[in-house]
Amino acid sequence: MPRIDADLKLDFKDVLLRPKRSSLRSRAEVDLERTFTFRNSKQTYSGIPIIVANMDTVGTFEMAVVMSQHSMFTAIHKHYTLDDWKLFAAHHPECLQHVAVSSGSGKSDLEKMSDILEAVPQVKFICLDVANGYSEHFVEFVKLVRARFPEHTIMAGNVVTGEMVEELILSGADIIKVGVGPGSVCTTRTKTGVGYPQLSAVIECADSAHGLKGHIISDGGCTCPGDVAKAFGAGADFVMLGGMFSGHTECAGEVIEKNGQKLKLFYGMSSDTAMKKHAGGVAEYRASEGKTVEVPYKGDVENTILDILGGLRSTCTYVGAAKLKELSRRATFIRVTQQHNTVFS
């Protein structure tokens, strides 16, 4: 018999952060860098914990070069070749501590990832990424990768519930990607009816992960710097962004001119576009769960980075957090029916 969980579940749009007294005099006083030591790899990482998603339009080497200059992270998409990686490593060795190699859960994925990690040993992060992190096959795959790479830090997902976060951490993952269906070019919720409001997912999954000394990434659902701040406030250790980093010079693809406007393509990795590009088309047993959109060309990603970091520092000053680490302890969310005044939007 079907069950209904009637507990309130919230998204970023359903809340605002309540301001509190603060002794901070300026946004410049806020420290956004964090240092983590990971449960299973025992590796330590320092940086601003914002990650570019491992989508082939945004998770590019060009993006990684700019992100690493700000001590930010890039999950590189899985479609670069071994030679591409060798070239990148030779020209940009300073970036390698701020990138992850991505892999699906197939045998060929594992072999390719192993070849890359052998050729570029400075890379210490692995991003194991499947649409459905609940499958037993994926759990076994995480165990296999942990056994093969005992000292690499493993990101794995995606899931949205505490018990699966715990299972993946106990199976060898260090950082769990949280989010099913919130992405700007994801259609999982409309195609399948499956999902979980992102703010509640982050709060619940962070609680489960932190109890085991694990970490989580809030993956998807952010539309503006305020949402990034809410994700951190909800307990996310890292926040992964796709759509907010789309449309830039450093993204893959040509600039398209249409009706006098400059555009770039952005698409989900389960979209028709991605599957035609990488798998020859959509297999007949499945449906596309992503869409393809034309995004206004935004120029260099540097400006977007500064906008996000500036907003995050400002959040911290509003709630009295001198460090990003303190934001979740200072955060009180209030439920709202409207985010902002839309009269001129």
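**Figure 1. Three strands of the predicted model form an open antiparallel sheet.** The order of the strands is β12-β13-β14, and the pairing is antiparallel. At the edges of this sheet stand β12 (256-258) and β14 (292-296), each of which pairs on one side only. Neighbouring strands are turned against each other by 45° on average, direction ignored. The antiparallel pairing of β12 with strand β13 (residues 261-267) extends over three bridges. Within the view, E257 can be located opposite K262 of β13. The model shown in this and the following figures is predicted.

**Figure 2. Strands β2 and β3 form a hairpin.** Strand β3 comprises residues 44-47 and runs antiparallel to β2, to which it is joined by four bridges. Opposite R34 stands G47 of β3. Six residues lie between the two strands of the hairpin, and K42 takes a positive phi near 65°. The side chains of β2 alternate along the strand. R34 and F36 point to one face and are buried, whereas T35 and T37 point to the other face and are not buried.

**Figure 3. The second largest pocket has a volume of about 240 Å³.** Its lining consists of 15 residues, of which R34, F36, H210, D237 and K325 are the closest to the centre of the pocket. Strand β2 (34-37) and helix α11 (327-330) each supply at least two lining residues. The greatest contribution comes from β2, which gives three residues to the lining. By residue class, the lining of this pocket divides into four nonpolar, six polar and five charged residues. Two of the residues closest to the centre, R34 and F36, are also the buried residues that share one face of β2.

**Figure 4. Helix α1 (residues 61-69) is mostly covered by its surroundings.** Seven of the nine residues of α1 are buried. These are F61, M63, A64, V65, V66, M67 and S68. The elements that cover them include the strands β4 (50-52), β5 (73-76) and β6 (99-103). The helices α2 (82-91) and α10 (301-319) are also among the covering elements. After α1 comes S71, which has a positive phi near 60°.

**Figure 5. I51 of strand β4 is a buried residue.** I51 counts as buried because its relative accessibility is 0%. Leaving out residues up to four places away in sequence, I51 touches F73, T74 and A75, as well as M155 and I217. Its contacts also include F238, V239, M240 and L241. One of these contacts, V239, is 188 residues from I51 in sequence, yet the C-alpha atoms of the two residues are 6.0 Å apart in space.

**Figure 6. T74 of strand β5 is in contact with residues that include I51.** T74 counts as buried because its relative accessibility is 0%. When neighbours within four places in sequence are left aside, the contacts of T74 include I51, V52, G59 and T60. T74 is also in contact with M63, A64 and M67, which are among the buried residues of α1. Further contacts of T74 are H98, V99 and A100.

**Figure 7. Strand β6 is paired with β5 in the parallel sense.** Three bridges join the two strands, and I76 has V101 of β6 as its bridge partner. In general, the strands of a sheet pair through backbone hydrogen bonds, either parallel or antiparallel. Strand β6 is mostly covered, with five of its five residues buried. Its two faces are both covered: V99, V101 and S103 are buried on one side, and A100 and S102 are buried on the other.

**Figure 8. Helices α4 and α5 are in contact, with their axes crossing at roughly 30°.** Two packed helices are described by the angle between their axes and the distance between the axes. Helix α4 comprises residues 136-148 and helix α5 residues 162-170, and their axes come within 9 Å. On the side of α4, the residues that take part are F138, V139 and V142. They meet M164, E167 and L168 of α5. The residues of this contact divide into five nonpolar, no polar and one charged.

Technical notes
Residues are numbered from 1 along each chain as its sequence is written. This is a predicted model: local features need pLDDT of at least 70, side-chain atom pairs count only at pLDDT 80 or more; totals for chains, interfaces and linings use all residues. Side-chain values use heavy atoms; hydrogens and water are left out. Buried means under 20% relative accessible area, exposed over 50%, partly exposed in between (1.4 Å probe, protein chains only). Contact means heavy atoms within 4.5 Å. On a 1 Å grid over the protein atoms alone, a cavity is a set of points where a 1.4 Å probe fits but cannot get out, and a pocket is an open set with protein on both sides within 12 Å along at least five of seven lines; lining residues have an atom within 4 Å of a point. Grid points are joined across faces, edges and corners, and a volume is the space filled by probe spheres set on the points. Ala, Val, Leu, Ile, Met, Phe, Trp, Tyr, Cys and Pro count as nonpolar, Asp, Glu, Lys and Arg as charged, and the others, Gly among them, as polar. Two strands pair if DSSP finds at least two bridges between them. Axes are lines fitted to C-alpha atoms, for helices over the stretch in contact, and angles run from 0 to 180 degrees between N-to-C directions.
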